[in-house]
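Please open the model in a viewer and keep the selection tool at hand. The tour below proceeds from one pair of side chains to the next.

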Amino acid sequence: MAVVSGQVKDANINGKPRDLSKLIFNVSPTDTPFLTMCGRTTASQTLHEWQTDALTAPGANAQKEGIDVTTFAGSNTTELSNKTQILMKAVSVSGTAQAVVQNGVTRQYTHQMALRMKEIKKDLEFALLSNQLSAGESTSGRLMTGLPCWLTTNFAGGTSGTAATSSSACTAGTARVPTEALLKALLTSIYNAGGNPDTIMMAPDIRVKMSEVLTGGSTKMEKAEMKKATAVIDVYVSDFGSLKLVPNRVQAYVAYSKACAFVLDPEYWKVAYLRPFQEQRLAVTGDSEKGFIVAEATLEARNEASSGVLADLKAA
């Protein structure tokens, strides 16, 4: 076909506006399963305290008719505590950055704050799942005792793996592939301790392997729709009730917990806030807008015997 002389073509046109979408696409996950399932309560001091109680084991009890009462039974509560941990994210936006027009962003400071809020919630999830013991300020800020270190009654680790003590965090043992037998043994232990868990929370790769080992033979699996998460998850029907299999993306980033399957009764786990999530503006000291988001909270283990952990797992 002949070339038309003098024809104006797209490549020669100057001054064209950019064809930039007004939407900003972000696929980064924002879900925090453990933080969400825990619910919240209030702390009034940096050392948050609570009490637990327990009944004695059942035993033989037969008395003579008309006997005088000379033997009495009593028990004391156990006091527990955890320190609050401060989490913070700060933003500084120049006056120019606030003034310029950007597709998809009305005000840069507000946009940045919204992103940081989502990040700090994930940081709190990370702290709640960390294999760390409560500690006061030293070279860094206060630390809360994380979920793994509370689970001592129903702990199932690999060879040489140990539960936490009052002075040391959990010790990793030899990694092993999860099996239904391991899960059943842990569920039996939790049931005997009085627990009625309904959730098994794992990192995604362990979740996939757990589904694989629990769908064989006569194991019963059923589907349950989580409308809030707009997703379908599996439910494992055990001898002691049904348990949701919940994947946790943040857990995959936590060194010790990423190899754990936490078997939880959410009723006995709360996040206690000394200061809920809040935005604070900083004084103007130059040509910029500055502020930060802060939260101060801790994990309240109302009775750790209600739950348990399969530690030292691997996907293959």
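**A tour of the salt bridges**

Begin by selecting Lys-244, which counts as partly exposed because its relative accessibility is 29%. Please note that the model is a predicted one.

Next, add Asp-198 to the selection: this residue forms a salt bridge with Lys-244, and the closest N and O atoms are 4.0 Å apart. The pair links distant parts of the chain, with Asp-198 in the loop between α5 (180-193) and β6 (199-202) and Lys-244 in strand β9, 46 residues apart. Asp-198 is also partly exposed, at a relative accessible area of 29%.

Now move to Asp-31 and Arg-249, which form a salt bridge whose closest N and O atoms are 2.7 Å apart. Asp-31 is found in the segment before α1 (33-38), and Arg-249 in the loop between β9 (241-247) and β10 (261-264), so this pair ties together parts 218 residues apart in sequence. Asp-31 is partly exposed, with a relative accessibility of 28%; Arg-249 is partly exposed at 44%.

Then select Glu-119 and Lys-89, whose side chains meet in a salt bridge (3.4 Å, N to O). Glu-119 belongs to helix α3 (residues 108-128) and Lys-89 to strand β4 (residues 85-94), so the pair ties together parts that are 30 residues apart in sequence. Glu-119 is partly exposed, at 29%, and Lys-89 is partly exposed, at 23%.

Keep these two selected and add Arg-116 and Asp-123: Lys-89, Arg-116, Glu-119 and Asp-123 are linked in a network of salt bridges.

Finally, display the whole structure, which holds 15 salt bridges.

Terms used. Residues numbered from 1 in each chain as written. Predicted model: local features only at pLDDT ≥ 70, side-chain atom pairs only at ≥ 80, totals over all residues. Heavy atoms only, no water. Helix = DSSP H or I, 4+ residues; strand = E, 2+ residues; numbered from the N terminus. Buried < 20%, exposed > 50% of the residue type's maximum accessible area, 1.4 Å probe, protein only.
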